[in-house]
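Trainee: I have a structure open and would like to talk it through with you. Could we begin where the chains meet?

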Amino acid sequence: MADVVLKNVSKSYDKKNLIVDNISLEIKDKEFVILVGPSGCGKTTTLRMIAGLEQITAGKLYINGKCVNDLPPKDRDIAMVFQNYALYPHMNVFENMAFGLKLRKYEKKEIERRVMEAAEILELKNYLYHKPKELSGGQRQRVAVGRAIVRQPQVFLFDEPLSNLDAKLRVQMRAELSKLHKKLGVTMIYVTHDQVEAMTMGDRIAVMHKGKIQQFDTPLNIYNKPSNKFTAGFIGSPSMNFVESKLLKKDNGYFIDFLGAEIKLPNKFQNEKLEKYINQKIIVGIRPEDFIEPNFQQFNNNPKIKGIIEITEQMGAESYYYFRCNDKMIVVRTRHLSLKISEKIEVTLNLEKIHLFDGITEESI
Amino acid sequence: MIEPIKNKNFYLQRILLYIFLTTLLIITITPFLIMVITSFKTTDNIAGLRDILPSIETFKNFKISRETFKNYIEAWNDGMFGKYFYNTIIVTLLVILGNLIFDTMVAYALSRKEFYGKKLIFLFILARMMIPVQVLIIPVFILIKQLNLYDTLTALILPNVVQGFGIFLMKQYFDGIPKSLDEAAIIDGASDFQILRYILFPIAKPAIAVLIINTALSTWNIFLMPLILTQSVEKRVLGLGLALYKSQYGVDYVHSMAASTIAVLPILILFLCFQNYIVSGLTKGAVKT
């Protein structure tokens, strides 16, 4: 088993634009790390560099303490599961899984033992002599995983492996992959653009944007303490509400101008860190789920915002209401299901849950 | 089942189409029929070229008996025909083998590798396909002569082991195969040669069938190259041998046609074997799935 370390790694195809821009990551042994970010953020390129399918333009990559920059993929002791599975269409399930072992000249008995073992884990025993075209999406996905398992590599790499599956199967496979990680106890690096996958599966998440790592932390830390506006907006659904504001200082503490109302910041923000932002533009963020349900009386003294509902999204157990307040679209997530478009809505801010960001750098304050 | 409504025009179009296709079929098949029918006649039946054309009499008197096959036996045993047949098989098999190996290797590089001048090389290969063999025959002759290969079967094999059409065909087919399969194989530990041998080659079976049949057809029928590049009777191939088929009594149509029928048979059988692959190969290469 192995740890994976990226030190100041960059990738450029044309020597001008950096697809991956000077990233550093330390992935511990047996850790399940998720690289998440929007399309084109460089997450797949990073994974492909770890796999050895892309040359590293600058920086160093270490697997198990050994620099592998110039090692071909077959010598890195990694296995990869591709987005489109990449199963060999002319080979059956057994041959697909055994191919890597055959190339490495394993004995026939050993190949058979390992394939049967993987087939047992992945419940593929009844399909060993089926061709990939005769399998369902979920079964193909399992064969792709099986092909990785049989090699018993140091590191597993997954490139958006669930994106071709339907929603129900995706949830099921998500749980199965997490179970597999625990069972095998290996290092896994998983690329996805789906924040739900990232939050539910990973030990740690690396949020990427424009070729850079925005934050590398546990899922809950990323959710509760986003390091910048991008991470705050990317993780969580619907996205966090952002309102441009101004920080004011008065005798009894710091205040923010929030959609026309002057609101005193709670005690946790009352410190010297805010000193340099006085009278400066800042960004206030609040998650849709961090507004207080109207019937919690004890928060009646908290500031409120109101508007007319423009869009409603009924999710069954909860609803998302989009309304405009001071020309700014705000979304609220609530268990109140009865409100309709054009109705008035008034919500209370949970000031303990607000986030403040630098108005220029967008870094968390 | 709902039948679509068809108007008079539809049927008229159909009738005209069938007339056109039947005419085309007759034009195509007549020479073959004449060849086969003539091959079963006796030398006495044919006084001149006019007797070759099939008439009602021909069909009336036509019957296959053990005696009628004697033309074939005589043609086979006569002179060097067996040798020509053997030479043609050797040349064709080796040219097919060469094309299978080298065309696919060049196509793999052009489809999968990035290198300087790749597009230009592909353009040259395409341009080469437009140059007829008649234009190339003199430089090829000089080259073969300088290599001391004149009047050998190698002279017929070597210039044909890589062909533009084969490279083009295989490259187009490989382009349609997802690159992630190669990458999966690379991760599995495969080398370039192993990717070609174990992944792309088996997937490209339809294109390979087209490559085999096309190479076989063009090589089986070569005429100009052996005419220029060989001299001795022992080095002749079928195409040349048939053209020069003469008996001591002048042009022997009966035996010549029997020999031609024997010559056509292997390629006809090959075509029938690969027929299904060829159709799917031609369409699959054109449309990416």
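Trainee: How many residue pairs are in polar contact across the interface of chain A and chain B?

Mentor: Happy to help, and keep in mind that this is a predicted model. Both partners of a pair must reach pLDDT 80 or more to be counted. On that basis, the number of residue pairs in polar contact across the interface is 9.

Trainee: Which elements give two or more residues to the side of chain A that touches chain B?

Mentor: That side of chain A divides into 14 nonpolar, 3 polar and 5 charged residues. The elements you are after are α1 (43-51), β6 (78-81) and α2 (93-103) of chain A.

Trainee: How far apart are the closest N and O atoms of R48(A) and E183(B)?

Mentor: The rule finds 2 salt bridges across this interface. One of them joins R48(A) to E183(B). The cut-off for such a pair is 4 Å, and here the closest N and O atoms lie 2.6 Å apart.

Trainee: What area is buried between chain A and chain B?

Mentor: In terms of contacts, 22 residues of chain A meet 15 residues of chain B. Carbon and sulfur atoms give 67% of the buried area. The total comes to about 1,600 Å².

Trainee: Which three residues supply 31% of the area that chain A buries against chain B?

Mentor: No other three residues of chain A supply more of the area it buries against chain B. They are Y88(A), H90(A) and L103(A).

Trainee: Moving on to strand β14 of chain A, which residue stands opposite V284(A)?

Mentor: β14(A) covers residues 281-286, and 5 of its 6 residues are buried. Strand β11(A) runs antiparallel to β14(A), joined by 6 bridges. Opposite V284(A) stands V243(A).

Terms used: Residues are numbered from 1 along each chain as its sequence is written. Chains are lettered from A and ligands numbered from 1 in the order in which they are written. This is a predicted model: local features need pLDDT of at least 70, side-chain atom pairs count only at pLDDT 80 or more; totals for chains, interfaces and linings use all residues. Side-chain values use heavy atoms; hydrogens and water are left out. Buried means under 20% relative accessible area, exposed over 50%, partly exposed in between (1.4 Å probe, protein chains only). Helices (H or I, at least four residues) and strands (E, at least two) are DSSP runs, numbered from the N terminus. Two strands pair if DSSP finds at least two bridges between them. Contact means heavy atoms within 4.5 Å. Buried area is the accessible area (1.4 Å probe) that two parts lose on being put together, summed over both. A salt bridge is a side-chain nitrogen of Lys or Arg within 4 Å of a carboxyl oxygen of Asp or Glu. A polar contact is a pair of N or O atoms within 3.5 Å; within protein, one must be able to donate a hydrogen and the other to accept it, and residues adjacent in sequence count only if both atoms are side-chain atoms. Ala, Val, Leu, Ile, Met, Phe, Trp, Tyr, Cys and Pro count as nonpolar, Asp, Glu, Lys and Arg as charged, and the others, Gly among them, as polar.
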